[in-house]
There are 2 protein chains.
Amino acid sequence: MNESFKALADPTRRQIIRLLRDKDRTAGEIAEFFNMSKPSISHHLNALKTAGLVQDERQGQFIRYTLNTTVLDEVLSWLLELTDGNRDKKGK
Amino acid sequence: MNESFKALADPTRRQIIRLLRDKDRTAGEIAEFFNMSKPSISHHLNALKTAGLVQDERQGQFIRYTLNTTVLDEVLSWLLELTDGNRDKKGK
DNA sequence: TATACATTTAAACAATTATCTAAATATCGA
DNA sequence: TCGATATTTAGATAATTGTTTAAATGTATA
């Protein structure tokens with residue numbers, strides 16, 4: 001959970017998530033959207049992967065990244081617990 | 001928006017938010033929950049305030065902190081845009 | 001199998017962040 | 001106004017993070 005929030009704290013990583021919302025993309029395709037070296041993007045992708053926010057799968061020469069909405073849902077739940085009226089404050 | 005995500009990236013700050021969800025509290029009351037110096041807590045409170053996640057109001061000797069759910073709602077919206085089916089990808 | 005392409009890993013470095021102690025500011029009550 | 005209490009601000013430092021270039025790994029193809 002902490003990893004997820006930390007992963008979301010960076011604007012580049014949030015943008016990557018948006019890109020993957022539209023469709024799966026390879027690391028190179030993702031990198032093209034940014035003014036940043038490929039190793040940097042790779043690093044950000046790894047942060048997202050560690051957090052469980054994306055998954056990767058090698059397809060031949062390429063590595064294809066996919067959004068994992070499950071973890072996003074968990075973050076959503078955490079936030080919803082705060083704004084919702086129910087006060088059972090379960091400490092997740 | 002970036003400030004909000006960065007503020008949420010720290011576990012101490014998330015815990016502070018949870019504490020404020022239950023009720024408003026003074027800086028000192030908040031600090032009692034943590035194994036950390038008061039200046040550190042003050043620093044975290046300031047980060048939350050800068051992000052707009054909390055508001056503060058002096059009450060005599062004390063400073064009382066309040067949760068501002070409006071900004072939390074904005075973060076929620078950002079996340080909901082990702083998980084929802086609608087694909088109008090407005091770049092907020 | 002040699003070369004090119006896609007991507008990651010390694011190593012270094014700068015910038016940011018979290019933390020502490022000490023000092024400053026603000027308010028209250030005697 | 002003085003002393004106690006509540007909190008923040010300042011200054012220092014250690015840890016973490018984001019970035020780069022160079023090298024390594026894995027795959028495809030001629």
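Which side chain has an N or O atom 2.7 Å from a phosphate oxygen of DNA strand D? The side chain of A:Ser40 does.

This is a predicted model: local features need pLDDT of at least 70, side-chain atom pairs count only at pLDDT 80 or more, and totals for chains, interfaces and linings use all residues. Residues are numbered from 1 along each chain as its sequence is written, chains are lettered from A and ligands numbered from 1 in the order in which they are written, and side-chain values use heavy atoms, with hydrogens and water left out.

**View 1. Chain A has five helices and three strands.** Helices (H or I, at least four residues) and strands (E, at least two) are DSSP runs, numbered from the N terminus. The order from the N terminus is α-α-β-α-α-β-β-α. The C-alpha trace spans about 50 × 25 × 20 Å along its principal axes. Of the 92 residues, 42% are buried (under 20% relative accessible area, 1.4 Å probe, protein chains only).

**View 2. The protein surface near DNA strand D draws on chains A and B.** Near means that a heavy atom of the residue lies within 4 Å of the strand. DNA strand D is surrounded by 22 residues; the closest are A:Ser40, A:His44, B:Gly28, B:Gln61 and B:Tyr65. H4(A) gives the most, with four residues. Helix H4 (38-50) of chain A supplies at least two residues, as do helix H3 (27-32), helix H4 (38-50) and strand E3 (62-67) of chain B. Sugar or phosphate accounts for 74% of the strand D atoms within 4 Å of the protein; the rest belong to bases.

**View 3. Phosphate oxygens of DNA strand D meet A:Ser40, B:Gly28 and B:Ser42.** These are polar contacts (pairs of N or O atoms within 3.5 Å). A:Ser40 uses its side chain, at 2.7 Å. B:Gly28 uses a backbone N or O atom, at 2.6 Å. B:Ser42 uses its side chain, at 2.9 Å.

**View 4. The surface near DNA strand C also draws on both chains.** Of the 21 residues around this strand, A:Gly28, A:Tyr65, B:Ser37, B:Ser40 and B:His44 come nearest. H4(B) supplies the largest share, four residues. Helix H3 (27-32), H4 and strand E3 (62-67) of chain A each give at least two. Of the strand C atoms within 4 Å of the protein, 77% belong to sugar or phosphate and the rest to bases.

**View 5. Phosphate oxygens of DNA strand C meet A:Ser42, A:Ile63 and B:Arg13.** A polar side-chain atom of A:Ser42 lies at 2.9 Å. A:Ile63 contributes a backbone N or O atom at 3.4 Å. An N or O atom in the side chain of B:Arg13 lies at 3.1 Å.

Conventions
Buried means under 20% relative accessible area, exposed over 50%, partly exposed in between (1.4 Å probe, protein chains only). A polar contact is a pair of N or O atoms within 3.5 Å; within protein, one must be able to donate a hydrogen and the other to accept it, and residues adjacent in sequence count only if both atoms are side-chain atoms.
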